[in-house]
Structure formats: C-alpha cells, structure tokens
Amino acid sequence: MILDERLSAYIDSLDAGESEFLEELRAGAEKRGVPIIRRQAQKFLAVLLQMKRPEHILEVGTAIGYSALFMADQLPKTDITTIELDKERAEEAGKHILSAGRQEQITVLTGDSAQLLPQLDEEGKRYDFIFLDAAKGQYIRLLPVLKKMLVSGGVLVTDNVLQDGTITDPRCLIERRDRTIYERVRDYNWAIMHDPVLTSCLLAVGDGMTVSVKKDGKNI
C-alpha cells in the first residue's frame with residue numbers, strides 16, 4: 001500500500017460507488033484477479049474527465065473494458081478508442097460494451113499497441129485525452145507516439161507508476177524477475193517529468209498516477 005491502510009480505508013468508505021453494471025463488473029474482475037483501475041484512481045480520473053471534457057479519448061490497455069465503460073458513463077457523447085493486446089480479454093470487453101449499450105461510443109482494437117499506435121498516428125488520429133494503463137514495461141517505448149497524437153492542451157494520464165511503493169526501493173531489493181519493469185518505470189517517470197513538451201505531476205493516487213498536459217504550440 002502506498003497510503004496508510006487506515007487512511008486508504010477511510011477514503012474508500014466515502015466512495016459513492018458506480019452504476020450497478022460497473023459494480024458487478026468490478027466485483028467479477030476482483031474475484032478473478034483481473035487488474036482494473038483502483039477506486040481512488042478512478043475517482044481522480046473522473047474529476048479530470050469532467051474538468052477537461054474531451055471529445056476523443058484513447059485508452060491503451062482495455063482489459064475487460066471496465067475503465068472504458070467508466071469513462072463512457074462520465075462522458076456519454078465522447079468517442080473512445082481502446083487497445084488491448086490479449087484477444088480473449090478484448091473479446092470479453094466487447095461483450096461487456098455491447099451489454100452496456102456503448103458499442104457505438106467505444107471502439108476496441110485488438111493487437112500490440114506498439115504496432116497499432118503508429119498506424120493510428122499515420123491515419124491522422126489525434127486525441128485530447130489519453131489514458132495509459134497497459135504493460136508498465138512498455139510505457140517508455142510508447143511515450144513518443146502518444147505525445148505526437150496528443151493535441152496541444154491535451155491530457156495524458158498514466159496509471160500504476162509507483163508499483164505499490166516499491167519504485168523507491170534499492171534495485172538490489174527488487175526480485176530479479178521484476179528488475180526490468182522496475183527500471184523501465186523509473187525511466188518513464190523521469191522522462192515524463194522532464195519532457196519539454198509536457199507539464200507533468202506524479203501523484204500517490206491508487207498505485208501512482210502521472211498527469212501530463214501537452215504545452216500549447218509544442219511538437220515532438
């Protein structure tokens with residue numbers, strides 16, 4: 001836990017919850033161990049969405065469609081494109097989106113985001129809000145194309161950048177199998193906080209989130 005457990009429990013106790021459909025989807029995901037956005041991060045995301053009120057959202061990391069559906073509930077008229085590598089999860093997300101009646105609003109693309117994002121860029125796709133919640137080890141690799149597709153004044157939100165607080169541990173204390181992700185996330189955090197194209201902050205919300213705004217008139 002990044003926050004003290006008692007403090008985190010208190011914050012969660014104030015949560016008003018979501019629609020019945022989303023609460024059932026969350027319960028099912030948690031029972032199966034499917035990673036979805038944490039409640040505190042979700043509430044923060046909701047505030048950002050209402051402040052920005054984007055017209056075109058790109059999500060990288062669909063999982064079973066929970067966060068895409070949540071964003072659609074927040075902004076029913078906003079176009080959402082979401083990318084998922086795992087075919088089975090993408091298909092499940094499609095079913096949930098259909099059940100929620102959001103199939104005209106949310107488009108699910110199946111495949112490797114490292115391949116799909118450059119294709120979207122070549123097609124001239126641009127977004128005023130991007131939510132990055134995929135494989136953390138790929139964040140640093142995807143950052144250049146995401147910046148390119150983000151319009152001036154657009155917002156990039158990246159989830160899970162503190163790795164349950166272990167991001168501050170010395171490298172020698174990190175399990176050998178986790179060291180590559182640990183190093184890449186640290187590289188991403190440094191890169192995004194020092195990027196001349198972006199104004200960014202890193203917050204201990206959920207499992208850590210960075211919020212970045214593309215500066216007006218700035219290009220890659």
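In this predicted model, helices H2 and H4 pack with their axes 11 Å apart, at an angle of about 165 degrees. Angles over 145 degrees count as roughly antiparallel, and H2 and H4 are therefore roughly antiparallel to each other. Their crossing is left-handed. On the H2 side, the contact is made by Phe21, Leu22, Leu25 and Arg26. These residues meet Tyr66, Leu69, Phe70 and Asp73 of H4.

Ser67 also lies in helix H4. Ser67 counts as buried because its relative accessibility is 6%, and buried means under 20%. Beyond residues up to four places away in sequence, Ser67 touches Ile37, Glu59 and Phe131. Met71 has contacts of its own, counted in the same way: Leu45, Leu49, Ile57, Glu59, Ile80 and Phe131. Glu59 and Phe131 thus appear in the contacts of Ser67 and in those of Met71.

The largest nonpolar core holds 30 residues. Within this core, Leu45, Met71, Phe129 and Val157 touch the most other members. Two or more residues come from each of helix H2 (20–32), helix H3 (39–52), helix H4 (66–74), strand S4 (127–132), S5 and S7. H4 gives the largest share, six residues. A second core, separate from this one, has 28 residues. Among its members are Val60, Ile130, Ile192 and Val197.

Phe129 is placed in strand S4. Its relative accessibility is 0%, so Phe129 counts as buried. Leaving aside neighbours within four places in sequence, Phe129 is in contact with Leu45, Leu48, Leu49, Lys52, Pro54, His56, Ile57, Leu58, Leu150, Val155 and Val157. Two of these partners, Leu45 and Val157, are named with Phe129 among the core residues that touch the most other members. Val161 lies 32 residues from Phe129 along the chain. The C-alpha atoms of Phe129 and Val161 are separated by 18 Å.

Seven strands form an open sheet with mixed pairing. Their order is S3-S2-S1-S4-S5-S7-S6. The edges are strand S3 (106–110) and S6, each of which pairs on one side only. From one strand to the next, the twist averages 15 degrees. At the S3 edge, strand S2 (residues 79–84) and S3 run parallel and are joined by five bridges. Glu84 has Thr110 in S3 as its bridge partner. Helix H7 (residues 139–149) packs on the sheet. H7 touches strand S1 (56–60), S4, S5, S6 and S7. The direction of H7 makes about 155 degrees with that of S5.

Strand S7 (residues 209–214) is mostly covered, with five of its six residues buried. In the sheet order, S7 stands between S5 and S6. Strand S5 (residues 150–159) pairs with S7 in the antiparallel sense, over five bridges. Here Val157 has Val211 in S7 as its bridge partner. Val157 is also one of the core residues that touch the most other members. On the other side, strand S6 (residues 198–203) and S7 run antiparallel and are joined by six bridges. Thr199 stands opposite Val213 in S7. S6 and S7 form a hairpin, with five residues between them. Gly206, in the turn, has a positive phi of about 60 degrees.

Positive phi values also occur in residues other than glycine. Arg53 has a phi of about 50 degrees. Arg53 is found in the loop between H3 and S1. Ala63 has a positive phi near 55 degrees. Ala63 belongs to the loop between S1 and H4. Ala63 is buried because its relative accessible area, 13%, falls under 20%.

Terms used:
Residues are numbered from 1 along each chain as its sequence is written. This is a predicted model: local features need pLDDT of at least 70, side-chain atom pairs count only at pLDDT 80 or more; totals for chains, interfaces and linings use all residues. Side-chain values use heavy atoms; hydrogens and water are left out. Buried means under 20% relative accessible area, exposed over 50%, partly exposed in between (1.4 Å probe, protein chains only). Helices (H or I, at least four residues) and strands (E, at least two) are DSSP runs, numbered from the N terminus. Two strands pair if DSSP finds at least two bridges between them. A nonpolar core is a set of buried Ala, Val, Leu, Ile, Met, Phe, Trp, Tyr and Cys residues joined through side-chain atoms within 4.5 Å. Contact means heavy atoms within 4.5 Å. Axes are lines fitted to C-alpha atoms, for helices over the stretch in contact, and angles run from 0 to 180 degrees between N-to-C directions. Angles under 35 degrees count as roughly parallel, over 145 as roughly antiparallel, 65 to 115 as roughly perpendicular and the rest as oblique. A crossing is left-handed if the near helix is turned anticlockwise from the far one by less than a right angle, and right-handed if clockwise.
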